[in-house]
Amino acid sequence: MVGFLRGFATATLAAAVVLLPPLAAVAEPGVADDTITIGAYGPITGPAAFVGLGGRAGMELAVEEINAAGGIHGRKIEVIFEDDGFSPTTALAAVKKLVDQDEVFMIFGVSGSNPTVGTIDFLKERNIPTYVSIASAPPVTHPFHQYMFRGGTTESARYGELYAEFLTQFMQADGIAILSGSDEFPKNEGDATERFLKEWYGIEPLVRLEFNVGDKDFTPQLLEIKGTNPDVIVTLGHVTEAQIIVRQARELGLQQPIFGSGAMVDNALIANAGYAAEGFIGGWLTPLFLDSQHPDMVAYMEAWRAKNPDAPVGRPNVFDLLGYGDMHVVAEGLRRAGPDLTREGFAKALETLENWRVSEVATPRTFTDWHHIGNLRMNMMVILGQHWVPLRWDPARSSTVLDEFKK
Amino acid sequence: MQFDVFLQLVFASLSTGSIYALVALGLVLAFKGTGLLNFAQGEFVALGAYFALFLSLYTDLSYPLVVLLTVLATALVGIVIERALLRPLIKAPAFTVVIVTLAIGLMIRNALRIGWQETVSNLPSPFDGMSWAIGGARINLQYLWIIGASLLLVLLLVLFFRLTRTGKAMRAVAQNQTAARLMGVPVGGVFSLTFAISAGMGALAGILVAPLTGVEAQMGDVLIKAFVAAIIGGFYSLPGAVVGGLIIGLAETFGGAFFGGTFKNVFAFALLILVLLVRPNGLFGRAEIRRV
């Protein structure tokens, strides 16, 4: 009996050795001999469709360029895209489908903060490499996770640092009125600006007021601001509100400079507010504006228009640029990971990127093995002669955003 | 509160309120003419603004012609929607038809969103950049144009409903379709005409409001406040819709001034509840009396 059992065990072991493939040959999900499949999600329907449609088109342009150049170590990139409708629950369902059903290699996010937050716990739990291009929600990078990366958009706290330094050092303002939207990102930016004005410069805003998303009249808030006679009016939110705020502020006799958040740096502000917007300053997440004549931007625009000949009015937008720049960053990570591609190898390869970018149309991205916040930069733009013009300003203070990771 | 600040807030209230009033008028008109709550009315506002934007960008037509063509084109859309989607449901429960109008509105909104992806677009107006200073306060001339248009429209509509055969036929259809049909009123035609006028009014609201707020697919969101205005006014009453709109404007603006901008909506909806508690049929509405 003992002999029989020993013989059976030996035979089973031998069969296992012969029949099971060697460990090295077990491919990562989404990686085939000739393709790497990436799952992407973002809103292409619903109120924020322009975010996902832009992000997706920018990403697709990058993929086309990467594949045309031979792909990654002989493998072409394939993207499966899912619509999240700007809903956290739909976004979660989308990434679950991409991970469990489509078995993608990684997730590439071109959505806003709210939907992105809905996916984070699942992706962290499953250790899926995730590259978030657009959302600034803190949970993407806090606490540190081996597989979670943020690309073009920077951290909410970093917005506060940059705005506080720019307002006080460049604009030389100490009387500051803040008018921000009550939804997630403008509220976060307002809180962060208020925090760093106090912590770094000992300045308490003269007044901090809020408005609701979709408001069409800001007279009560602007009259209160007028009563405080600030040096600068800071308004944080979307361009849909900014164009009304700027016009109403001038109509009410407020002649102070107006500073706004990145989402307000949009040609729509000039088109709608006209000369009332002259002198408006805001932050922009890429080095060049879309109408720049820099050769890199000209080349990008030509490539984009060739791929999207029937583009709707308003495109390309900043999300096209972010999706484009970040997909090239992902491709560089895949390239550095080598031909034997693994999720762990890819994450480690991304961590070797230092000030890397595809061209001047993107800010440089840096990742390390202790932080995955790719971009801490923002460029300040001003409306001069009814055009967005970059301001030559660089922050002198180093960011404290990474301090918590160093500890 | 200083007088000039008070006056400025009054101007802001009337301006905001007149926008709600203009949209509420279209809602009330459709209800008076067909007995239907049209949840797509907000999208007629957006559609009108986009039509006008398209004509402004791609043609050299003058402003009055842009206004006229936009109103006519949107009225035509109203007729098509009524004939193709709502007329077949004429015998369906009212709730079903209301949901269909909601679906139509969402379809229009998404089509606009996909077809025109600019965050917000500019529709020019002859009054761009013009404002008047009155007693230390300033008012944008476009707002005066909206207030004037609202008052003129309500006057014309009241006269239309009271003095014309078509207006009386529309009221008859709203009260009892079967009886109206027996009396020889072409119910189908009245439905089409009502939707045409209602859609045209929505488009006019879009053209008037767009130079102030910009053109965007979410413009139809003004419908919620317009509903509140119409309900406060009594829903059957055209002057009530205007008064309701102005009251909402006052509540929002002064509520925002005293308690903070984020409380504006709270005041608008609290006022609705308060008015309905005191006058369940609205300020100008009357309880329905049925002969038994």
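I started by counting elements in chain B: there are eleven helices and two strands. Note to self: this is a predicted model.

Next I looked up the order. Reading chain B from the N terminus, I get α-α-α-α-β-β-α-α-α-α-α-α-α. So much for the parts list.

Then the overall dimensions. I found that the C-alpha trace of chain B spans about 60 × 50 × 35 Å along its principal axes. Does the radius of gyration agree or disagree with a compact globule? It agrees, because a compact globule of 292 residues would come out near 19 Å, and chain B has 19 Å.

I also checked burial: 51% of the 292 residues in chain B are buried. For contacts, I took pairs in chain B with a separation of 6 or more, and 75% of those contacts join residues 24 or more positions apart.

On to the place where the two chains meet. How many residues does each chain bring to the contact? I get 34 residues from chain B and 32 residues from chain A. On the chain B side, these elements each supply at least two residues: helix 1 (3-34), helix 4 (94-115), strand 2 (137-140), helix 10 (238-259) and helix 11 (264-278). Helix 1 of chain B gives the largest share of that side, with five residues.

Last thing I looked up was the chemistry of the side of chain B that touches chain A. I found 20 polar residues there, along with seven nonpolar and seven charged.

How values were computed:
Residues numbered from 1 in each chain as written. Chains lettered and ligands numbered in written order. Predicted model: local features only at pLDDT ≥ 70, side-chain atom pairs only at ≥ 80, totals over all residues. Contact = placed C-beta atoms within 7 Å. Helix = DSSP H or I, 4+ residues; strand = E, 2+ residues; numbered from the N terminus. Nonpolar A, V, L, I, M, F, W, Y, C, P; charged D, E, K, R; others polar. Rg over C-alpha atoms; globule rule 2.2 N^0.38 Å. Buried ≥ 20, exposed ≤ 12 C-beta atoms within 10 Å, placed from the backbone.
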